[in-house]
Amino acid sequence: MQYNINIIVSVDVVKALSDKNLSHSIYLMDDSVWGSYGKGTNNLVTLCVPGQTIKWTCYAVDLQTPLAISGIDFIPAFGYPPGGYQPATGTALQPVNPDYFEWSGIVPYYLIPNQKYFYRLQLEMGEGKNSTMQISTAAIMIKA
């Protein structure tokens, strides 16, 4: 049986907007049964297995400022699959519930175990010039 993984993205929006970056105001946690490390930091590495669904959900520490995930992409997008391999449909990350700002995707089968696959997490907070911010320090890793 494969368990889905939930990644919670918690943001101190007031601090992020004041600092004009997310480095010290974003906290990621997951419920991976395989374990993970860097929980509670922006450097979360989530252990997973191919075929598993991962869902990201964001929550603002400051409930007065809106927060939404506006994009998640991998750097590069899950590397390059072996020659001729076509990933199954549904592997692309996509918003699953715009009302709750959840995104999900399926872990591709061609990923190499014990290698970190970093992703860029882009967030929208409030309004204004600096309301869109991103980090690229979190990753997933295939359990060996």
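What follows goes through a strand pair, the nonpolar core and the aromatic rings of this predicted model.

Strands S1 (residues 5-11) and S2 are antiparallel partners joined by 5 bridges. Within S2, Leu28 is the bridge partner of Val9. S2 spans residues 26-30, and its side chains alternate: Ile26, Leu28 and Asp30 are buried on one face, while Tyr27 and Met29 point to the other face and are not buried. In a regular strand, side chains alternate between the two faces of the sheet.

Val9 and Leu28 also appear in the largest nonpolar core, which has 33 residues; they are among those with the most contacts inside it, together with Val11, Tyr119, Leu121 and Leu123. At least two residues of this core come from each of S1, helix H1 (13-19), S2, S5 (53-60), S6 (67-74), S9 (116-125) and S10 (132-142). Leaving aside residues up to four places away in sequence, Leu123 touches residues including Val9, Val11, Ile26, Leu67, Ile69 and Met133.

The structure contains 2 aromatic pairs. Trp56 and Tyr119 are edge-to-face, with 5.3 Å between centres and 75° between planes. This pair links distant parts of the chain, as Trp56 lies in strand S5 and Tyr119 in strand S9, 63 residues apart. Trp56 has a relative accessibility of 1% and therefore counts as buried; Tyr119, at 0%, counts as buried too. The rings of Phe74 and Tyr119 have centres 5.4 Å apart and planes at 55°, so this pair is tilted. Phe74 belongs to strand S6 and is 45 residues from Tyr119 in strand S9. Phe74 is buried, with a relative accessible area of 7%. Trp56, Phe74 and Tyr119 make up one aromatic cluster.

Key: Residues are numbered from 1 along each chain as its sequence is written. This is a predicted model: local features need pLDDT of at least 70, side-chain atom pairs count only at pLDDT 80 or more; totals for chains, interfaces and linings use all residues. Side-chain values use heavy atoms; hydrogens and water are left out. Buried means under 20% relative accessible area, exposed over 50%, partly exposed in between (1.4 Å probe, protein chains only). Helices (H or I, at least four residues) and strands (E, at least two) are DSSP runs, numbered from the N terminus. Two strands pair if DSSP finds at least two bridges between them. A nonpolar core is a set of buried Ala, Val, Leu, Ile, Met, Phe, Trp, Tyr and Cys residues joined through side-chain atoms within 4.5 Å. Contact means heavy atoms within 4.5 Å. Rings of Phe, Tyr and Trp (its six-membered ring) pair if their centres lie within 6.5 Å; planes under 30 degrees apart count as stacked, over 60 as edge-to-face and the rest as tilted.
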